Amino acid sequence: MSTPVLLAASSATTEHRPLIIALFGAFVLATLVITVWAGRQTRSAADFYAGGRQFTGFQNGLAISGDYMSAASFLGIAGAIALFGYDGFLYSIGFLVAWLVALLLVAEPLRNSGRFTMGDVLAYRMRQRPVRTAAGTSTIVVSIFYLLAQMAGAGVLVSLLLGITSDGGKIGIVALVGLLMIVYVTIGGMKGTTWVQMVKAVLLIAGTLLITFLILLKFHFNVSELLGAAATNSGKGAAFLEPGLKYGATATSKLDFLSLGIALVLGTAGLPHILIRFYTVPSAKAARKSVNWAIGIIGAFYLMTIVLGFGAAALLKNSDIIASNKAGNTAAPLAALEIGGGAGSTGGAILLAVISAVAFATILAVVAGLTLASSSSFAHDIYANVIRRGQATEKEEVRAARWATVLIGIVSIALGALARDLNVAGLVALAFAVAASANLPTILYSLFWKRFTTRGALWSIYGGLVSAVVLVLFSPVVSGKPTSMFKTVDFYWFPWRTPASSPSRSASCSAGSARSSPRRSRTRASTRNWRSSPSPESERTEPHTVRHHPTAAS
Amino acid sequence: MATEAPPPPRNGTETDRGPASPTTEQFVEVQEGAEFGELRRTYRSFAFPLTLAFIAWYLLYVLLSNYAGGFMGTKVFGNINVALVLGLGQFVTTFLIAWLYSRHAANRLDPRAEAIRTRMEGDA
């Protein structure tokens with residue numbers, strides 16, 4: 001029955017293309033209506049950057065999940081489990097555990113001490129211009145890497161699902177994704193983007209729940225039976241259910257995975273598009289609640305991807321999954337087709353269309369969040385506070401943010417189109433590595449270390465950023481391996497794909513050396529910084545109001 | 001700490017809401033006070049050790065997956081092996097820690113923070 005799956009899948013995608021396009025069109029239409037509605041309520045900078053800070057903990061939790069569960073985690077993890085069994089699951093765990101860092105250390109103090117961007121938290125205590133430049137640079141670098149991976153992935157994925165193979169078609173799809181994301185962000189601002197994330201999260205959870213339920217039904221709700229069938233059908237037997245198929249090959253790949261695990265756990269709470277989400281709620285308490293919701297939703301989602309992945313391994317032939325996409329990215333849609341009744345059946349076609357439309361929605365919501373993070377940081381940190389030295393009006397700032405969105409959108413369409421045939425999956429790991437090495441340590445030092453200085457912050461950000469980018473540039477992600485971005489050239493000497501652990505350490509060393517710096521910041525910011533209570537409920541003790549008092553300077 | 005840039009322009013819609021902000025002196029006074037020190041200690045003595053604990057537990061799991069394949073492959077029942085049980089254990093501990101922290105924050109941190117804030121705003 002599964003022999004003609006591949007052929008059937010491609011013919012099914014062509015045959016049922018109208019259905020997929022109709023579902024996708026409905027999503028686009030609904031989100032555009034929401035965007036226009038949100039745009040009409042977006043007036044102040046707080047509206048544009050932080051959605052007016054009026055979202056509830058639950059809404060923001062849903063939006064965080066929508067922002068975080070990218071196509072890479074939806075299709076990528078299900079595919080990795082379908083191909084490599086346990087190692088795919090192992091990969092997903094770091095993405096969840098990471099949220100505890102956000103919950104325990106970052107979300108609440110960040111909400112209390114910042115306004116719109118990561119740079120705000122640092123500028124609270126340090127000299128504004130240098131730290132904002134650094135924070136803006138790192139935000140934009142992380143977001144562009146992440147964005148590029150999503151855009152190129154979108155092209156590949158949509159081509160596969162719609163059966164488009166021509167170069168023009170792929171470029172057209174990347175351009176469409178880019179255009180929609182520009183519209184969402186410029187018109188809807190944070191409010192529109194947040195609603196898009198929420199709609200997407202609900203669709204993603206509903207779609208995954210449906211397929212998970214159907215797969216479990218087929219295996220009589222017996223997980224052991226499902227795993228057994230997956231192990232047998234994969235042709236790898238018990239090894240399929242044990243660690244080692246993907247990351248266990250050599251000593252290098254093992255260390256690489258350890259490094260990846262560290263990058264995932266420490267990187268999540270340093271991702272700019274996640275950080276700015278904590279500003280959309282009215283209080284630190286609501287920020288805590290939203291992370292709790294996010295942990296629940298994301299945890300449930302990854303538990304379902306286990307069923308999805310092992311289900312795909314049990315239902316489909318390994319060779320068919322690989323033939324459709326080498327990385328297994330289409331395993332989940334193929335499993336949906338199979339569980340719905342197989343190729344040619346109406347049920348299969350409908351499920352395939354649903355999952356494909358959910359995947360589009362996922363890509364759109366994530367790229368919108370990333371674009372918003374980078375354009376906010378450009379407008380608020382670099383334009384308003386560095387270039388205009390704080391003299392820009394709110395209107396000018398928001399206008400700059402909109403133009404930055406258009407610019408970033410165009411750049412990412414161009415890069416995404418150029419990179420459409422490169423293997424850019426490693427760029428996501430790079431984004432996590434930079435977030436873990438540059439952003440998170442700097443945020444934590446700034447929040448919890450009284451004697452942290454401007455110099456320490458600069459070393460921490462640039463040290464982490466440069467070391468991560470340089471190491472990846474000379475790693476197999478970029479050159480020298482069949483899976484590299486540039487296969488034909490070979491200039492790698494650094495063997496690991498995710499250099500998170502080394503830069504993390506170098507960043508903390510450099511920051512540590514700043515301790516002896518004569519410029520001790522005898523600031524009291526550390527008090528107000530954190531739940532010090534003065535601020536939660538409203539904007540009234542925003543950091544900048546404190547600066548109006550001359551004595552704030554020591 | 002000196003700032004290079006002048007303060008950002010006052011934002012009408014954001015800052016004029018609610019009572020006047022406490023002054024810098026009041027913030028410093030509160031920071032140095034015992035009540036705030038107690039609040040900070042209550043938070044840190046809970047969050048920091050817990051963070052170390054879950055990171056250590058996660059690293060242990062990754063190291064076991066990397067270097068103890070035989071142990072991880074031991075069958076517990078049916079096709080469920082130790083690796084799967086430990087992996088699901090990571091989910092369980094994550095949910096558990098989130099719940100523990102939220103309970104701690106609601107019971108021990110929020111009331112104290114609220115008390116300090118009410119007093120400061122009353123004074124201001």
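**Exposed loops and helix packing in a predicted complex**

H220(A) is exposed, because 8 other C-beta atoms lie within 10 Å of its own, and a residue with 12 or fewer falls in that class. In this predicted model, H220(A) is placed in the loop that runs between α9 and α10 (223-234) of chain A, and its phi is near 55°, a positive value in a residue other than glycine. A positive phi in a residue other than glycine is found also at R389(A), where the angle is near 50°. R389(A) belongs to the loop between α16 and α17 of chain A, and with 14 other C-beta atoms within 10 Å, R389(A) is classed as partly exposed.

The helices that border these loops take part in the packing of chain A, which contains 22 helices and 0 strands. Of the 554 residues of this chain, 67% count as buried, and among its contacts between residues at least 6 apart in sequence, 80% join residues at least 24 apart.

Two packed helices are described by the angle between their axes and the distance between the axes. For helix α16 (residues 346-387) of chain A and helix α17 (residues 394-418) of chain A, the axes come within 8 Å and cross at roughly 130°; the two helices are therefore oblique to each other, and α16(A) passes α17(A) in a right-handed crossing. On the side of α16(A), the contact is made by T371(A), S374(A), S375(A), S376(A), F378(A), A379(A), H380(A), Y383(A) and A384(A), which meet E397(A), A400(A), A401(A), A404(A), T405(A), I408(A) and G409(A) in α17(A). By class, the residues of this contact divide into 8 nonpolar, 7 polar and 1 charged.

A second pair is formed by helix α9 (residues 167-218) of chain A and helix α15 (residues 331-339) of chain A, whose axes come within 10 Å and cross at roughly 55°. This pair, too, is oblique, since an angle of that size is neither under 35 degrees nor within the range of 65 to 115, and α9(A) passes α15(A) in a left-handed crossing. The residues of α9(A) that take part are I211(A), L214(A), I215(A) and K218(A), and their partners in α15(A) are A335(A), A336(A) and I339(A). This contact has 6 nonpolar residues, no polar residues and 1 charged residue.

Helix α15(A) is mostly covered, with 9 of its 9 residues buried. The buried residues include the three that meet α9(A), namely A335(A), A336(A) and I339(A), and also E338(A) and P333(A). After α15(A) comes G341(A), whose phi is positive, near 130°.

A further buried position is A63(A), in helix α4 (residues 57-68) of chain A. A63(A) counts as buried because it has 30 C-beta neighbours inside 10 Å, where 20 or more suffice. The C-alpha atoms of A63(A) and V199(A) are separated by 8.3 Å, although the two residues are 136 residues apart along the chain. Beyond its neighbours within four places in sequence, A63(A) is in contact with T194(A), Q197(A), M198(A), A201(A) and R277(A).

The confidence of the prediction bears on how these features may be read. The predictor gives the complex an ipTM of 0.84 and a pTM of 0.85. Chain A averages a pLDDT of 82, and 82% of its residues score at least 70; for chain B the average is 83, again with 82% of the residues at 70 or above. Within chain B, the mean is lowest, at 40, in helix α1 (residues 12-15) of chain B, and highest, at 94, in helix α3 (residues 34-67) of chain B.

In chain A, pLDDT stays under 50 over residues 1-9, for which the model has 21 contacts beyond four places in sequence, and likewise over residues 501-554, for which it has 127 such contacts. In chain B, pLDDT stays under 50 over residues 1-18, and the model has 44 contacts beyond four places in sequence for this stretch. Where pLDDT is low, the predicted coordinates should not be read in detail.

Key:
Residues are numbered from 1 along each chain as its sequence is written. Chains are lettered from A and ligands numbered from 1 in the order in which they are written. This is a predicted model: local features need pLDDT of at least 70, side-chain atom pairs count only at pLDDT 80 or more; totals for chains, interfaces and linings use all residues. Axes are lines fitted to C-alpha atoms, for helices over the stretch in contact, and angles run from 0 to 180 degrees between N-to-C directions. Helices (H or I, at least four residues) and strands (E, at least two) are DSSP runs, numbered from the N terminus. Angles under 35 degrees count as roughly parallel, over 145 as roughly antiparallel, 65 to 115 as roughly perpendicular and the rest as oblique. A crossing is left-handed if the near helix is turned anticlockwise from the far one by less than a right angle, and right-handed if clockwise. Two residues are in contact if their C-beta atoms, placed from the backbone, lie within 7 Å. Ala, Val, Leu, Ile, Met, Phe, Trp, Tyr, Cys and Pro count as nonpolar, Asp, Glu, Lys and Arg as charged, and the others, Gly among them, as polar. pLDDT is the predictor's confidence in each residue, from 0 to 100.
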